[in-house]
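Let's work through a few exercises together. Take a look at the sequence and the 3D structure, then try each task before reading its solution.

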Amino acid sequence: MSALLAPSSPELQEVDFAQLGHYAKHLGRAPRAHHFALTSGERHAHLKGQGLEMLELRAYQASDDLRHIDWRVTARTGQAQTRLYAQENEHQRLLLMDLSSEAYFGTKHSFISTRFVQLAGIIAWRTKQQGDKLSYRLCFGGQDIWQQTTPLLPKLFHPLSQASLIQSRHHATPALQILTPNPVSLKARNKDVIILTDKQQLGRPETLYLKQLAQHNKVFWVQIIDVNTFKLVPGQYQIKSVSGESIVHVSKHSSNLAQQAFQKQNQQLKKQLNQLDIEHLVFDLSEPPEGIARYLLSLGAIG
């Protein structure tokens with residue numbers, strides 16, 4: 001079995017991230033995608049291609065470049081209208097990862113937390129290899145680590161390694177901490193935003209913040225689940241952690257109740273994300289991280 005699919009330990013060392021570069025390099029080619037280039041101040045300075053394609057019209061705003069006003073439409077409607085353009089340019093990527101204590105579990109292959117961390121590492125490698133820009137925010141085990149400017153990879157791999165530590169299981173974290181005000185995402189514009197989380201509950205404050213993020217960026221919500229969790233044979237299971245061992249009793253009834261509760265929350269989350277025009281991508285733990293990354297590549301989420 002692949003060492004990437006089922007690593008020898010769910011706790012990854014920084015040397016493990018070095019090996020992810022090979023998988024990132026051989027993902028294939030990304031489809032050509034257009035990214036929002038609004039007006040002055042939001043257009044990228046470094047273009048990978050040439051030429052502009054009109055995307056849509058919207059009401060003029062004070063910060064708009066006067067050169068992009070559509071005077072014909074303005075005269076017809078009586079209201080100033082600005083042209084928005086799409087252009088092929090370097091990607092700016094924002095990686096947001098938020099792990100609950102429940103992510104530090106898995107019935108086979110590895111932990112959900114490990115798969116998320118592996119995927120984050122591949123995304124970081126791919127971003128570097130494509131010469132794109134990356135900012136990130138990582139929330140796990142009571143920690144909140146972020147950086148606005150593109151980091152040296154070792155500087156990112158260190159907190160990712162920390163995020164894989166089982167000890168984080170013992171820290172209860174607020175619901176979707178990555179959707180609270182923070183400089184890394186508060187003014188994000190024209191970016192591919194990739195959210196990696198196992199959390200499913202969106203409160204009103206998180207929804208409003210996510211709505212603002214989706215208005216100015218393309219957002220992809222990636223969820224990894226372990227479907228075998230609801231297929232465990234009834235009986236007693238011994239759970240090991242850094243603090244010792246505990247016994248968990250599983251019955252067919254408890255498994256059914258847990259599955260129903262999960263599916264209800266997941267359907268509600270999907271509905272909320274659809275209303276915000278956000279891609280909701282769900283993968284099973286049995287899917288290797290490079291397979292998930294390749295699918296994100298096919299959607300244009302990574303270059």
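**Exercise 1. A pair of strands**

Which residue in S6 does Phe140 stand opposite? Keep in mind as you search that this is a predicted model.

Solution.
- Step 1: Find strand S5, residues 133-140, which five bridges join to S6. The two strands run antiparallel.
- Step 2: Go to Phe140 and look across: Gln143 in S6 stands opposite.
- Step 3: Now follow the chain from S5 to S6. The two strands form a hairpin with two residues between them. Gly141, in the turn, has a positive phi of about 50 degrees.

**Exercise 2. The whole sheet**

Work out the order of the strands in the open sheet, and find its edges.

Solution.
- Step 1: Six strands make up the open sheet, in the order S6-S5-S4-S7-S8-S11. Their pairing is mixed.
- Step 2: A strand at the edge pairs on one side only; here these are S6 (143-147) and S11 (279-284).
- Step 3: On average, neighbouring strands are turned by 15 degrees against each other, ignoring direction.
- Step 4: Add the helices. H4 lies across S4 (92-98), S5 and S6, at about 25 degrees to S5. Helix H8 (residues 289-299) packs on the sheet too, touching S8 (218-225) and S11, and its direction makes about 160 degrees with that of S11.

**Exercise 3. Two helices**

How do the axes of H3 and H4 cross, and which residues meet?

Solution.
- Step 1: Two packed helices are described by the angle between their axes and the distance between the axes.
- Step 2: The axes of H3 (residues 112-129) and H4 (residues 153-163) come within 10 Å and cross at roughly 170 degrees. Angles over 145 degrees count as roughly antiparallel, so H3 is roughly antiparallel to H4.
- Step 3: Look at the residues that meet. From H3 they include Val117, Ala120 and Trp125, and from H4 they include Leu156, Phe157 and Leu160.
- Step 4: Sort the contact by class: nine residues are nonpolar, one is polar and one is charged.

**Exercise 4. One asparagine**

Is Asn182 buried or exposed?

Solution.
- Step 1: Find Asn182 in the loop between H4 and helix H5 (183-186).
- Step 2: Its relative accessible area is 6%. Buried means under 20%, so Asn182 is buried.
- Step 3: Leaving out residues up to four places away in sequence, Asn182 touches Arg137, Trp146 and Tyr209.
- Step 4: Link this to the hairpin: Arg137 stands opposite Trp146 in S6, and Asn182 touches both Arg137 and Trp146.

Terms used. Residues numbered from 1 in each chain as written. Predicted model: local features only at pLDDT ≥ 70, side-chain atom pairs only at ≥ 80, totals over all residues. Heavy atoms only, no water. Axes fitted to C-alpha atoms, helices over the stretch in contact; angles between N-to-C directions. Helix = DSSP H or I, 4+ residues; strand = E, 2+ residues; numbered from the N terminus. Parallel < 35°, antiparallel > 145°, perpendicular 65-115°, else oblique. Contact = heavy atoms within 4.5 Å. Nonpolar A, V, L, I, M, F, W, Y, C, P; charged D, E, K, R; others polar. Pairing = 2+ DSSP bridges. Buried < 20%, exposed > 50% of the residue type's maximum accessible area, 1.4 Å probe, protein only.
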